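Open the model in the viewer and keep the selection tool at hand. The tour goes from the metal sites to the whole chain.

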Amino acid sequence: MFDRVIANGTLITAEATVQADLGLRDGRIAAIGRRLAGLEVIDASGMLVLPGAIDEHVHLHMPVGELTSSDDFYSGTVAAACGGTTTVIDFAEPKPGQPLVEALASRRAEADGQVVIDYGLHMTLAWADDETLAQVPACIEAGVASFKLYMAYEGLRLDDGGLLRALAALRAHGGRALVHAENHDAITYLVAQALAQGRIGPENHPLTRPDWMEAEAVGRLLALARVTGTPLVLAHLSCALGLEEVRRARARGQTVWVETCPQYLLLDEAEYRRPGFEGAKFVMSPPLRTAADRQALWAGLAAGEVNTVATDHCPFFYETQKTRGLHNFSRIPGGAPGIETRLALLYSHGVRTGRLSPERWVEVCCTEPARRFGLAPRKGTLAIGADADVVIFDPERRVTLSPQTLHQRVDYCPYEGEELQGWPVTVLSRGEVVVRDGEFIGTAGRGRFLPTEADRWRGSRLRSWGPEVSAAITAACWPTAATM
Ligand code: URP
Ligand code: ZN
Ligand code: ZN
């Protein structure tokens with residue numbers, strides 16, 4: 001007898017789609033089979049049953065100058081859960097001179113007690129001096145094995161020498177690198193030029209961060225990573241030219257993974273030309289690109305060239321925060337909301353349109369982020385022994401996106417008014433129902449900090465769901481089909 005059984009659903013993992021029940025016990029998946037008995041049975045007839053999604057890139061309660069992103073660890077993780085995400089990875093950003101493990105402890109103090117789902121952290125490396133880099137092993141030991149490196153943003157960015165040193169240190173210690181690639185000097189020059197010419201509106205944001213300078217930064221980064229031999233994850237890739245640089249690096253044998261975001265797949269630069277100041281809603285870095293870039297990213301995602309879809313959720317209120325840049329677009333706080341809508345957007349625009357198979361949908365939103373950041377196989381898959389983070393997704397449910405109905409704490413939605421078909425209805429985190437029929441019923445502080453492993457994942461003692469396991473389940477469920 002299991003604590004809970006999710007019965008009669010269509011299970012989707014990165015490897016296979018099968019009809020089977022899930023038996024949950026003590027917060028973990030204990031059985032995958034037919035006619036399982038449980039103290040509680042959740043009927044998932046007609047539903048898709050997926051691993052809880054993992055958002056590898058979010059900024060909750062993030063200080064940006066005198067502002068702070070508008071979702072805190074409670075509201076942001078409630079929104080994540082309501083959208084089918086059961087793990088988020090946020091960032092710890094050390095203050096000048098602050099030891100990394102101290103920055104980690106203080107970020108954990110903000111999050112613990114607030115989070116409603118499990119979370120991990122990346123450590124921002126804004127300095128690459130000997131003293132800072134010597135702390136990388138202690139940081140990994142303390143549970144943060146991935147490090148964000150910025151090539152842009154004053155106060156955060158590393159120059160080429162700093163990048164080389166940081167990449168070398170990460171390689172030496174098995175730290176995972178997640179890199180924001182844009183050309184800082186070109187942006188500074190183009191922004192100053194625009195302002196000097198009196199061009200102050202948000203439509204200037206994309207003009208000062210051209211795709212070819214993002215591609216230049218990607219190419220330079222990958223050349224530097226070639227020197228140090230460091231594998232890395234490219235954060236929020238937005239353009240076709242950047243993907244070409246990735247192809248070149250892979251062709252010469254480098255290991256690089258690519259993250260993109262729903263906004264780069266679904267929106268384009270026309271948004272910046274909305275009337276008045278409305279374009280400010282889409283000020284994020286890198287900026288939205290062209291329809292051709294979107295097509296290239298979709299094709300790359302389907303082909304396995306783009307590996308994960310994260311949100312880069314970094315919301316600011318339009319009315320009270322984005323307006324900081326009313327007379328100077330470079331002062332608009334960068335970032336957009338998206339933590340709640342990723343899984344459903346990718347289903348409606350990816351799976352329903354035939355751009356992505358259901359398995360690939362699960363892979364890019366759930367499974368690959370866990371592999372990439374040292375959380376697999378505990379997270380990101382439906383496998384015996386894995387945490388019972390499960391999404392029951394109604395493929396027919398129609399939802400019109402609006403800030404009034406979403407849980408994200410922000411006064412706009414980049415996809416406002418759009419009707420999606422397919423939405424997560426019930427969500428379990430470590431076996432506990434936290435969203436039931438679309439309503440959040442979890443509690444603040446129930447989420448746990450997840451230490452992430454350094455880059456030495458080579459499979460696991462847990463049974464991951466490969467083709468053999470799928471075949472065994474098919475044989476158990478449909479003996480006749482299996483012998484045909
Ligand atoms: O504009 C963005 N993307 N803000 C969040 C910080 C970052 O660069 O990831
Ligand atoms: Zn970034
Ligand atoms: Zn980000």
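What spacing do the donors of the zinc ion (ligand 3) follow along the chain? The spacing is H-x1-H-x252-D. This is a predicted model, in which local features need pLDDT of at least 70 and side-chain atom pairs count only at pLDDT 80 or more, while totals for chains, interfaces and linings use all residues. Residues are numbered from 1 along each chain as its sequence is written, chains are lettered from A and ligands numbered from 1 in the order in which they are written, and side-chain values use heavy atoms, with hydrogens and water left out.

**First stop: ligand 3**

Select the zinc ion (ligand 3) and its protein donors: His 57 (NE2), His 59 (NE2) and Asp 312 (OD), which lie 2.0 to 2.1 Å from the ion. Donors here are N, O and S atoms within 2.8 Å of the metal (3.2 Å for Na, K and Ca); water is not among the atoms, so sites may look incomplete. The 4 donor atoms make angles of 90 to 128°, and the site is tetrahedral (four donors with all angles between 85 and 135 degrees).

Next, colour by secondary structure; helices (H or I, at least four residues) and strands (E, at least two) are DSSP runs, numbered from the N terminus. His 57 sits in the loop between strand E6 (53-55) and strand E7 (63-64), and Asp 312 in the loop between strand E15 (308-309) and helix H12 (342-351), so the pair ties together parts 255 residues apart in sequence. Both His 57 and Asp 312 are buried (under 20% relative accessible area, with a 1.4 Å probe and protein chains only).

**Second stop: ligand 2**

Move 3.7 Å from the zinc ion (ligand 3) to the zinc ion (ligand 2). Lys 148 (NZ), His 180 (ND1) and His 236 (NE2) coordinate the zinc ion (ligand 2) at 2.1 to 2.7 Å. Lys 148 is in strand E11 (residues 146-150) and His 236 in the loop between strand E13 (232-234) and helix H9 (240-251); this pair links distant parts of the chain, 88 residues apart. Lys 148 is buried, at a relative accessible area of 1%, and His 236 is buried at 2%.

**Last stop: the whole chain**

Zoom out to the protein chain, which has 15 helices and 19 strands. Its C-alpha atoms fill a box of roughly 70 × 50 × 45 Å along the principal axes. Of its 484 residues, 62% are buried.

Definitions and conventions: Tetrahedral: all angles 85-135°; square planar, octahedral: opposite > 155°, others 65-115°. Buried < 20%, exposed > 50% of the residue type's maximum accessible area, 1.4 Å probe, protein only.
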